[in-house]
Amino acid sequence: MWADAGRRPPTTGGHVQEHDDYPAPGRVERRPVDADESARAGRSWWDGAADAYQADHGGFLGDADFVWCPEGLTEAEAGLLGGLDDLRGRRVLEIGGGAGQCGRWLRAQGVGEVVSFDLSFRQLQHSRRIDEQLGLRLPVVQADAQRLPFADAAFDTVFSSFGAFPFVPSADDALAEATRVLRPGGRLVFSVTHPVRWSFPDDPTEHGFTVRQSYFDRRAYVEEDDHGNAVYVEHHHTVGDWVRGIAGAGLVLGDLVEPEWPPGNDRVWGGWGPVRGRMIPGTAIFSADKP
Ligand SMILES: C[S@@+](CC[C@H](N)C(=O)[O-])C[C@H]1O[C@@H](n2cnc3c(N)ncnc32)[C@H](O)[C@@H]1O
């Protein structure tokens, strides 16, 4: 649920956009969407949204900071990837990194080998823009998380902060790809919209507390153009789907972090905000190791 002002609601289709320059919303449908159609819609939507998204959220994310979620939990606080001393000697891959803020933070902490990739070329141009402003180079690649252009076991650590995983139809396939490029002994950590949110409207106020649709309905949230082509797609996987995908990929689940809304964070981002954040989880962060 990222796209409404960076995160679009899967349940209501209503948008609260802080910035005018997002792609126009399409007609809302609920239907199956395969890997190719999801990637096509995602690439074109994020290309069109990247400027507005970075204008709205770039300040909160920080040019070289590592924020896991709208709750504001940072990797500096959480240490989910392991200690920085260990990370410095590792090869790290960021999945769906957008403008690469997280990967850039790792580079700024002295992690030498970090690669970030994203489906959207425009997001990668923002990454380059920030690099030039900061004088810090983050290597980036344009790629689809569903078909990684990297060798088996090429990375020691793979992570994603809301990149790609909410947008893929098969959690199993995406997890298998991430696991393939991870070396034995490596770790995968990724944050996604907390699956329970699928049942609620994407409304950060008290109106967002009423269950409106089944948690078990896996049909994608789709916005279509006048020809029925998907222009925005978001997929839902239950907690059990994620756990099964992790186990099926051969990983061992180490933690499921559900960040609580912290006092002092009054920022509303799509369906996330302090009113609901204090009562129900908004983000799930899965951490799993490859034996
Ligand atoms: C909500 S942003 C998260 C990026 C960054 N961590 C941030 O907080 O801005 C989601 C990103 O996932 C990318 N994305 C969506 N589907 C993808 C896919 N199949 N493969 C790679 N990237 C994808 C989008 O282009 C977008 O940049």
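Two strands count as a pair if DSSP finds at least two bridges between them. With that in hand, here are some close-ups of this model, which is a predicted one.

**View 1. The three-strand sheet, S1-S7-S8.** This one is an open sheet, and its pairing is antiparallel. Strand S1 (27–31) and strand S8 (230–234) sit at the edges, each pairing on one side only. From one strand to the next, the twist averages 25°. Look at strand S7 (residues 220–224) next to S8: four bridges hold this antiparallel pair. Which residue of S8 faces Glu223? That would be Tyr232, which stands opposite Glu223.

**View 2. The seven-strand sheet and its edges.** Reading across this open sheet, the order is S4-S3-S2-S5-S6-S10-S9, and the pairing is mixed. Strand S4 (140–142) and strand S9 (252–257) are the edge strands; each has a single partner strand, so one side of each has no neighbour in the sheet. The average twist here is 15° from one strand to the next. Helix H4 (residues 101–108) packs on this sheet, where H4 touches strand S2 (91–94), strand S3 (113–118) and strand S5 (155–161). The direction of H4 makes about 170° with that of S3.

**View 3. Strand S10 with S6 and S9 as partners.** Strand S6 (residues 182–193) and strand S10 (residues 283–289) run antiparallel, joined by seven bridges. Two places to check along this pair are Val189, opposite Ser287, and Arg187, opposite Asp289. S9 also pairs with S10 in the antiparallel sense, over five bridges. In that pair, Val257 has Ile285 of S10 as its bridge partner. How many of the seven residues of S10 are buried? Six are, which leaves S10 mostly covered.

**View 4. The buried residues of helix H6.** Helix H6 (residues 171–180) has Ala171, Ala174, Leu175, Glu177, Ala178 and Thr179 as its buried residues. An α-helix has 3.6 residues a turn, so residues three or four places apart point the same way. What do the buried residues of H6 pack against? Their neighbours are S5, S6 and helix H7 (239–248).

**View 5. Helix H1 against helix H5.** Two packed helices are described by the angle between their axes and the distance between the axes. For H1 and helix H5 (residues 121–134), the angle is about 35° and the axes are 7 Å apart. On the H1 side, the residues in the contact are Trp46, Asp47, Ala50 and Gln54; on the H5 side they meet Phe121, Arg122, Gln123 and His126. By class, this contact has three nonpolar, three polar and two charged residues.

**View 6. The shell around the ligand.** There are 22 residues around the ligand, and Trp46, Gly96, Gly98, Leu119 and Ala145 come nearest. Trp46 is worth picking out, as it also takes part in the contact of H1 with H5. Which helix gives the most to the shell? Helix H1 (residues 35–61) does, with four residues. The shell as a whole divides into 11 nonpolar, nine polar and two charged residues.

**View 7. The stretch marked in the UniProt record.** The unreviewed UniProt entry puts the feature "domain: Methyltransferase type" at residues 93–190. Over this stretch the chain is 33% helix and 28% strand. Its end C-alpha atoms lie 12 Å apart.

**View 8. Two positive phi values, at Ala153 and Phe162.** Most residues other than glycine have a negative phi. Ala153 goes the other way, with phi near 55°, and Phe162 likewise has a positive phi, of about 60°. Ala153 is in the loop between S4 and S5, while Phe162 is in the loop between S5 and H6. Are they buried or exposed? Ala153 has 16 other C-beta atoms within 10 Å, so it counts as partly exposed. Phe162 is buried, because it has 24 C-beta neighbours inside 10 Å and the cut-off for a buried residue is 20 or more.

Methods. Residues are numbered from 1 along each chain as its sequence is written. This is a predicted model: local features need pLDDT of at least 70, side-chain atom pairs count only at pLDDT 80 or more; totals for chains, interfaces and linings use all residues. A residue is near a molecule or strand if its C-beta atom, placed from the backbone, lies within 6 Å of it. Ala, Val, Leu, Ile, Met, Phe, Trp, Tyr, Cys and Pro count as nonpolar, Asp, Glu, Lys and Arg as charged, and the others, Gly among them, as polar. UniProt positions are given in the numbering used here, feature names are shortened, and annotations may be inferred rather than shown by experiment. Axes are lines fitted to C-alpha atoms, for helices over the stretch in contact, and angles run from 0 to 180 degrees between N-to-C directions. Two residues are in contact if their C-beta atoms, placed from the backbone, lie within 7 Å. A residue is buried if 20 or more other C-beta atoms lie within 10 Å of its own, exposed if 12 or fewer, and partly exposed in between; C-beta atoms are placed from the backbone.
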